Amino acid sequence: MTKKYNVAILGATGAVGTELLALLEERKFPLGKLKLLASERSAGKSIKFAGQDLIIEAVTESSFDDVDIVLASAGGSISQKWLPIATKAGAVAIDNSSAFRMHPDVPLIVPEVNPEAITQHKGIIANPNCTTILMAVAIYPLHQVQPIQRIVAATYQSVSGAGAMAMEEVKLQAQAILNNEPAVAKILPYPLAFNLFPHNSPMTDNSYCEEEMKMVNETRKIFGDQNIRITATCVRVPVLRAHSEALNLEFTQPFSPDKAREILATAAGVKLVEDFSKNYFPMPIEASGKDEVLVGRIRQDISHPNGLELWLCGDQIRKGAALNAVQIAELLITKALI
Ligand code: A2P
């Protein structure tokens with residue numbers, strides 16, 4: 001009989017928590033007991049899973065007794081508070097927040113890129129930032145063939161990354177604008193409908209925002225390459241779901257677009273989407289709900305002999321968060337690390 005694992009979802013009512021539940025069912029995860037944890041606000045309410053109503057519990061000191069795997073997606077401070085308690089109780093925690101990502105004892109994993117790092121875990125495994133995961137899946141297969149020395153990234157990030165309430169706010173803003181009424185921003189810093197603005201994560205000392213620095217630092221850690229130079233401009237756009245990225249890659253030598261296409265056509269987690277004759281390339285509406293990162297518009301950078309341009313779209317709630325976390329949990333099981 002296949003072994004079954006008791007799983008707790010910390011943040012079960014959130015956007016990523018909801019996707020985690022869908023994925024556990026869809027991927028036939030070998031589930032024993034499933035515990036849904038959230039705040040006091042949600043305690044006692046129920047969520048349907050595999051045809052059953054499961055009651056949401058408020059997280060407490062004893063929530064993790066008898067839990068094998070915690071999938072956490074309730075924010076950094078909640079992870080900081082509860083994951084050490086969970087690991088002390090014997091669980092392995094896969095954390096979606098940024099709280100532990102850069103900690104030297106915490107593996108930061110994209111299963112298509114650095115699955116071997118999982119053997120180093122000491123109870124907590126970090127799931128990288130969504131924009132970083134999507135980029136890593138698309139470019140690591142090329143980096144393996146010929147090292148990338150520098151990445152210039154521009155992102156077009158959907159509002160679902162800012163949470164379910166921000167999505168509702170953008171819909172209301174769009175309605176207001178169509179009715180010639182003012183667009184009100186309460187959750188987001190500025191109106192986003194029919195607008196865009198540089199990413200709303202906190203600013204750091206070097207004038208890059210935290211989201212941009214996550215792409216820099218996390219990519220280096222995942223690739224195990226501290227020398228790769230990365231610069232990013234992250235932008236919030238009025239797309240409801242799925243992020244897009246324009247990437248300029250500089251290799252050590254020329255890298256032909258056809259060779260890149262050939263590699264990406266069979267790369268794990270990637271789907272090549274391009275028809276130059278129809279100007280048809282990845283779009284967020286087509287990436288939404290999909291597991292793969294859609295990549296296309298691969299072309300020679302006319303400004304640099306070693307440069308390659310590509311464009312990608314990926315569902316940041318799925319591969320950028322929940323799916324990557326479930327894949328990490330599956331990796332723990334297949335590598336018999338739990
Ligand atoms: P709740 O719905 O009870 O507030 P999102 O990232 O989509 O905003 O979701 C955040 C998730 O984190 C939700 O499931 C939310 O539960 C949960 N959460 C927020 N605060 C706490 C807390 N103090 N303890 C446990 N879970 C929390």
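## Terms and model

A polar contact is a pair of N or O atoms within 3.5 Å; within protein, one must be able to donate a hydrogen and the other to accept it, and residues adjacent in sequence count only if both atoms are side-chain atoms. This is a predicted model, where local features need pLDDT of at least 70, side-chain atom pairs count only at pLDDT 80 or more, and totals for chains, interfaces and linings use all residues. Residues are numbered from 1 along each chain as its sequence is written, and side-chain values use heavy atoms, with hydrogens and water left out.

## Contacts to the ligand

Three residues can be taken in turn. The side chain of threonine 13 has an N or O atom 2.5 Å from a ligand oxygen. Serine 42 places a polar side-chain atom 2.4 Å from an oxygen atom of the ligand. Alanine 15 uses its backbone: an N or O atom there lies 3.0 Å from a ligand oxygen. The protein buries 66% of the 570 Å² that the ligand exposes when taken alone (Shrake-Rupley method, 1.4 Å probe).

## Histidine 243

Where is histidine 243 found? It belongs to strand β11, residues 243–251 (strands are DSSP runs of E, at least two residues, numbered from the N terminus). Is histidine 243 buried or exposed? Histidine 243 counts as buried because its relative accessibility is 0%; buried means under 20% relative accessible area, exposed over 50%, partly exposed in between (1.4 Å probe, protein chains only). Its side chain makes a polar contact with the side chain of glutamine 157, at 3.5 Å.

Key:
Helices (H or I, at least four residues) and strands (E, at least two) are DSSP runs, numbered from the N terminus.
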